[in-house]
Each structure stands twice: as structure tokens, then as C-alpha cells.
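Here is a set of exercises to work through with the model open beside you. Try each task before you read its solution.

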Amino acid sequence: MIAFITGATSGIGEACAAKFAENGYDLILTGRRKERLEELKARFNKVKVLLLEFDVRNRNEVKKAIDSLSGQWKSVDVLVNNAGLALGLSTIQDGDIDDWETMIDTNVKGLLYMTRGVSELMIPRNSGHIVNIGSIAGKEVYPKGNVYCATKHAVDALNKAMRLDLLPHNIRVSEVCPGMVETEFSVVRYKGDAERASKVYDGIDALKGEDIADIVYWIASQPPHVNILEVVVTPTAQGNATNTIRKS
């Protein structure tokens, strides 16, 4: 069995890689940080690991990477579309257009490029499973989350559309929509301001990447006749995208 995981160098992606490796899956891991990829390969030395260093935003790089697969590596059983990010937190009128484009190119177009390429490998085998990492931000919106929320709403819609399009080919499609997960997410959103990012989780027993990885693996390990379309998961202390109970 082979799991192809994008954005594997940290957070949810790294945790998914660990979970699938623990359960005997060989791994195709992607990311932009070569040194982190190499560290993962050394860490998961009980399974076969193929590293692909590329940016999901680059259509040509994605195609080249997928076209480079040969032999057993073409038989992808599970694709985890994890690569994604939020940048900035501002109103529409004050938004940074470069940030908007990066989020759209990564969260939507990158997911589409990956799905297009890997689904072509799954269809001839009449099997496969695509798991999209969405967000609670794809179910509702919150102040100053405008474009990030829009991209995750797109993932939510694409998840449903993929399910219909790939139904005749026996390919399962699922989405995991997390609430607050303490990873590099907020550090990236605040462009390296670790102090500001840490305050996002103050007083909250937030989800960890491993919590989401457990859910992704549970979805992928269901019997072949079972498809989990979506799972929405939050910390116990989070009621929706904006309402939380924080410990004093």
C-alpha cells in the first residue's frame, strides 16, 4: 500500500506520514524543504519512502513529479491533499493581494493539480482514495478570514464534486475539516511572528497534528464498501470557528 502525502514536512502532513508508516504503508512525501524531507526518510526507515521536492502551486512541477513515478510508485492507494496555508488576517479592503494569490494557488489550484495527476493513476486500477484536508473555515466564515475561508469553502465544494466525478471509477473521496490545530499554521499566518502565533492557542487544549492523522488513517482504513465523505473536528473547548472557552 502506498500513501502520497503533500505538505509532509510539518504539522498534519508529517503526522499523517508517521501514522501511515506505522501501519506499513510505503510513502511518497512532498514538500519544499529538502532537508526536512530527508529527515523524514531517515525517520521512516522501516518502509520505502520516495521524496519529491516541489511546490504544489507550480503546475509544471506537479506534472513533472507525478510523471516521474514508475514501477510500484504509480500504484497510489491514498492521496492526502494536505498542503495548504493561511496568510495574514485582514479585512478585504486592507488585504494583501500577494497573500490572496498564494492562498488560492496553494489551497485550491495546488489541490486541483495534485488530484488531476494522481486520479489518472487511480482510474485505470479502479481503486484509490483521496483525502482532502479542509477546515472549519470551509464550513463558516469569520472576521478577517475572508480569502482563506473562501479557499477552504472551495475545498469543501471540490470534495463533493470529486466524489461524484470519481464514483464510476470506484475511487473514494473524503474530507477532514479541523478546527484549531497547534502546528506551524499560525506562525505561517503571522509570517514568522511566533509570539503572536502562540497566543492563538493560549488557554486552549488545541488539537495536535497526530489527532488529525488518526482520523485520516481511520477514514482510509475503512472497508472498501465504506466511504466517509467528511469529518468536522474541533477541540472540546472550541464551539465553532470563533467561539472558544479558554482557561484563565
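**Exercise 1. Find which residues are linked in a network of salt bridges.**

Solution. Start with the rule: a salt bridge is a side-chain nitrogen of Lys or Arg within 4 Å of a carboxyl oxygen of Asp or Glu. Applying it leads to a network that links Glu14, Arg33, Arg36, Arg43 and Glu184. Next, widen the search to the whole structure, which gives 17 salt bridges. As background, side chains of opposite charge can pair when their charged atoms come close.

Before going on, please note that this is a predicted model, in which local features need pLDDT of at least 70 and side-chain atom pairs count only at pLDDT 80 or more, while totals for chains, interfaces and linings use all residues. Residues are numbered from 1 along each chain as its sequence is written, and side-chain values use heavy atoms, with hydrogens and water left out.

**Exercise 2. Describe the protein as a whole: its helices and strands, and its radius of gyration.**

Solution. Step one is to count secondary structure: there are 8 helices and 7 strands. Here helices (H or I, at least four residues) and strands (E, at least two) are DSSP runs, numbered from the N terminus. Step two is the box: along the principal axes, the C-alpha atoms fill roughly 50 × 40 × 35 Å. Step three is the radius of gyration, taken over C-alpha atoms and compared with a globule rule of 2.2 Å times the number of residues to the power 0.38. For 248 residues a compact globule would come out near 18 Å, and the protein's 17 Å agrees with that. Step four is burial: 49% of the 248 residues count as buried. The classes are buried (under 20% relative accessible area), exposed (over 50%) and partly exposed (in between), with a 1.4 Å probe and protein chains only.

**Exercise 3. Work out where the salt bridge between glutamate 22 and lysine 19 lies.**

Solution. First check the contact: the two side chains meet with an N to O distance of 4.0 Å. Then place the partners: both glutamate 22 and lysine 19 belong to helix α1 (residues 11-22), 3 residues apart, or about one turn of the helix. Finally, look at the surface: glutamate 22 counts as exposed because its relative accessibility is 61%.

**Exercise 4. Follow the salt bridges of aspartate 156 and glutamate 230, and say which parts each pair ties together.**

Solution. Begin with aspartate 156, whose salt bridge with lysine 139 has its closest N and O atoms 2.9 Å apart. Aspartate 156 sits in helix α5 (residues 146-166) and lysine 139 in the loop between β5 (129-133) and α5, so this pair ties together parts that are 17 residues apart in sequence. Aspartate 156 is buried, at 11% relative accessible area, whereas lysine 139 is partly exposed at 31%.

Now turn to glutamate 230, whose side chain meets that of lysine 160 in a salt bridge (3.6 Å, N to O). With glutamate 230 in strand β7 (residues 230-233) and lysine 160 in helix α5, the pair ties together parts that are 70 residues apart in sequence. Glutamate 230 is partly exposed at 32%, and lysine 160 is partly exposed at 36%.

**Exercise 5. Identify the residues of the negative surface patch, and the helix that gives the most to it.**

Solution. Set the criteria first: patches are made of residues with over 30% relative accessible area and no salt bridge, with like charges joined within 9 Å and nonpolar side chains (Val, Leu, Ile, Met, Phe, Trp, Tyr) within 5 Å. Accessible areas come from the Shrake-Rupley method with a 1.4 Å probe, and for residues only the protein chains shown count as cover. Lys and Arg count as positive and Asp and Glu as negative, while His and the chain ends are not counted. The place of a charge is taken as NZ of Lys, CZ of Arg, CG of Asp or CD of Glu. The patch that results consists of Glu35, Glu38, Glu39, Glu53 and Glu61. Helix α2 (residues 34-43) gives the most, with 3 residues. Glutamate 61 belongs to helix α3 (residues 59-67) and is partly exposed at 34% relative accessibility.

**Exercise 6. Locate asparagine 126 and lysine 191, and check the phi of each.**

Solution. Asparagine 126 is in the loop between α4 (97-122) and β5. Its phi is positive, about 55°, although asparagine 126 is not a glycine. Lysine 191 lies in the loop between α6 (185-189) and α7 (194-199), and lysine 191 has a positive phi of about 55° without being a glycine. For accessibility, asparagine 126 is partly exposed at 39%, whereas lysine 191 is exposed at 53%.
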